[in-house]
Amino acid sequence: MKYIYIYEPLMDEKGHFKRYISHIESLFEKSFKVIIIKNKEKINIQSKIIEAKGNLNKLLLSILLFKVYIRNLFKYRNEIILITSHGNPIFWIIAILFLKNYIICIISCHHFESKNKKWLFNLFIAKSLAVIFTNKIHRDKYFKDGYVVRDRIHGGVDLDSKTIDYSQIKVLGHISENRNPLGFIKRYSGKSKIVVKGKVVDEAIALEITEHTNAILVNKYLSDEDYINEIVNSLIYIPVEKKYSDYLISGVFYDVIEKGGIPVIHNHELYAEYFEAGIAICSEKNDYKNFNIKLENYAEISNKYNNETESSIKSIVHLINKYCIN
């Protein structure tokens, strides 16, 4: 049986990336023995680089990180490696030089528009056996080719028992300047009750939230269990800015769909098909109190995306079997 190694070069195994890795692993384990390459040393060095003071210290740590990359990837250079994020320039160079067969999962697309590093990223992509995107819009815009494997999409929700509480809209998770629901709260002042549950890292934002009579703030960290329980059968507003959506679909968006809530999110082309299907609400275009989820469309789009993913995985498996004979 062939082995496929999953390597996440940039992030620790948390949140969105952790869930995507699990999703990819489950899709490929039907055809291959899947092994996840873990590297705590790499993660520790990256943390030290972020905290380091002085250019010399950062340079020395970067050289050490470079050695870790070489050692790790050289060890697996003849294997099939599936890379589940974009990594960084050091990683791209080593992959280009050492890896024989690798597949790239594009979760975030911002390097396609990077001014200084775009050419190197494109070289890294061009050398790969296959490129996987989480949606068609990014694939068609940035690469014109490649496969679409949706991010953890659908299934698991009991449609018959799905009853949404339309009396309030929730905002969950940490709140900061870049993840700020204040504009939404102001827009729906007097119309909808908005409950914000999560740690607010900016005291000024926390104070302003409490000044609005239609908003209730519970300023604390949510455990994973509390987070999931809050999602079920609820409207969940996701404060995602356009500049974020241009490159990345929100992991919280998929959490909400997966756990039985309805996401409320700003108008953006990445989410248009979800608005049209009735499994998400466009924050600029709907009166939530009169909104009825189209459950029949939920099942239809679930089957569509699952079939699309299955077709992509079959094509990639065929490529591996054709060109990568162990």
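# A tour starting at Asn101

Select Asn101 to begin: Asn101 has a relative accessible area of 13%, so the residue counts as buried. The model on the screen is a predicted one. Asn101 sits in strand S4, and S4 runs over residues 101-106. Now show what surrounds the side chain and backbone here. Apart from residues up to four places away in sequence, Asn101 touches Glu79, Ile80, Ile81 and Cys324.

**The whole chain**

Zoom out for a moment. The protein chain has 326 residues, and 50% of them are buried. Its secondary structure comes to 13 helices and twelve strands. Of the contacts between residues at least 6 apart in sequence, 65% join residues at least 24 apart.

**The largest core**

Next, select Ile81, Phe91, Tyr102, Ile106 and Phe124. These residues have the most contacts inside the largest nonpolar core, a group of 32 residues. Which helices and strands supply at least two residues each to this core? The helices are H2 (40-51), H3 (55-75), H4 (89-98) and H5 (118-126). The strands are S1 (3-7), S3 (80-83), S4 (101-106) and S5 (130-133). In general, nonpolar side chains in soluble globular proteins tend to be buried together.

Keep Phe124 selected and show its contacts. Setting aside residues up to four places away in sequence, Phe124 touches Ile83, His86, Phe91, Trp92, Ala95, Ile96, Tyr102 and Ile104.

There is also a second core, separate from the one just shown, with 25 residues. To find this second core, select Ile6, Phe32, Val149 and Leu248, which are among its members.

**Where H3 meets H4**

Select H3 and H4 together and hide the rest. Their axes come within 10 Å and cross at roughly 35°, and the crossing is right-handed. On the H3 side, show Ser62, Phe66, Tyr69, Ile70, Leu73 and Phe74. Across from them, H4 contributes Ile90, Phe91, Ile94, Ala95 and Phe98. By type, the residues of this contact are ten nonpolar, one polar and no charged.

**Lys127, after H5**

Move on to Lys127, in the loop between H5 and S5. Is Lys127 buried, partly exposed or exposed? Its relative accessible area is 33%, so Lys127 is partly exposed. Neighbours within four places in sequence aside, Lys127 is in contact with Ala95, Ile96, Leu99, Lys100 and Tyr102. For a distance to display, pick the C-alpha atoms of Lys127 and Ile103: the two residues are 24 apart in sequence and 9.3 Å apart in space.

**Two loop residues with positive phi**

Select Lys144, in the loop between helix H6 (136-142) and strand S6 (147-148). Lys144 is not a glycine, yet its phi is positive, near 70°. With a relative accessibility of 64%, Lys144 counts as exposed.

Then select Asn233, which follows H9 and lies in the loop between H9 and strand S10 (234-238). Asn233 is another residue other than glycine with a positive phi, in this case near 55°. Its relative accessible area is 24%, so Asn233 is partly exposed.

**Strand S7 at Gln168**

Gln168 is the next stop, in strand S7 (residues 165-172). Gln168 is buried, with a relative accessible area of 17%. Neighbours within four places in sequence aside, its contacts are with Lys193, Val195 and Leu235. Gln168 and Leu235 are 67 residues apart along the chain, and their C-alpha atoms are separated by 7.1 Å.

**Helices H8 and H9**

Select helix H8, residues 203-210. Colour its buried residues, Ile205, Ala206 and Ile209. These residues cover an arc of only 100° around the axis, which puts them on the same side of H8. An α-helix has 3.6 residues a turn, so residues three or four places apart point the same way. Turn the helix round: Glu203, Ala204 and Leu207 are exposed on the other side of H8. Now bring back the surroundings. Helix H7 (182-187), strand S8 (193-197) and strand S9 (215-218) are among the elements that cover the buried residues of H8.

Finish on helix H9, residues 224-231. Which residues of H9 are buried? They are Tyr227, Glu230 and Ile231. Here too the arc around the axis is only 100°, so the buried residues lie on the same side of H9.

Notes
Residues are numbered from 1 along each chain as its sequence is written. This is a predicted model: local features need pLDDT of at least 70, side-chain atom pairs count only at pLDDT 80 or more; totals for chains, interfaces and linings use all residues. Side-chain values use heavy atoms; hydrogens and water are left out. A nonpolar core is a set of buried Ala, Val, Leu, Ile, Met, Phe, Trp, Tyr and Cys residues joined through side-chain atoms within 4.5 Å. Buried means under 20% relative accessible area, exposed over 50%, partly exposed in between (1.4 Å probe, protein chains only). Helices (H or I, at least four residues) and strands (E, at least two) are DSSP runs, numbered from the N terminus. Contact means heavy atoms within 4.5 Å. Axes are lines fitted to C-alpha atoms, for helices over the stretch in contact, and angles run from 0 to 180 degrees between N-to-C directions. A crossing is left-handed if the near helix is turned anticlockwise from the far one by less than a right angle, and right-handed if clockwise. Ala, Val, Leu, Ile, Met, Phe, Trp, Tyr, Cys and Pro count as nonpolar, Asp, Glu, Lys and Arg as charged, and the others, Gly among them, as polar. The arc is that of the directions from the helix axis to the C-beta atoms.
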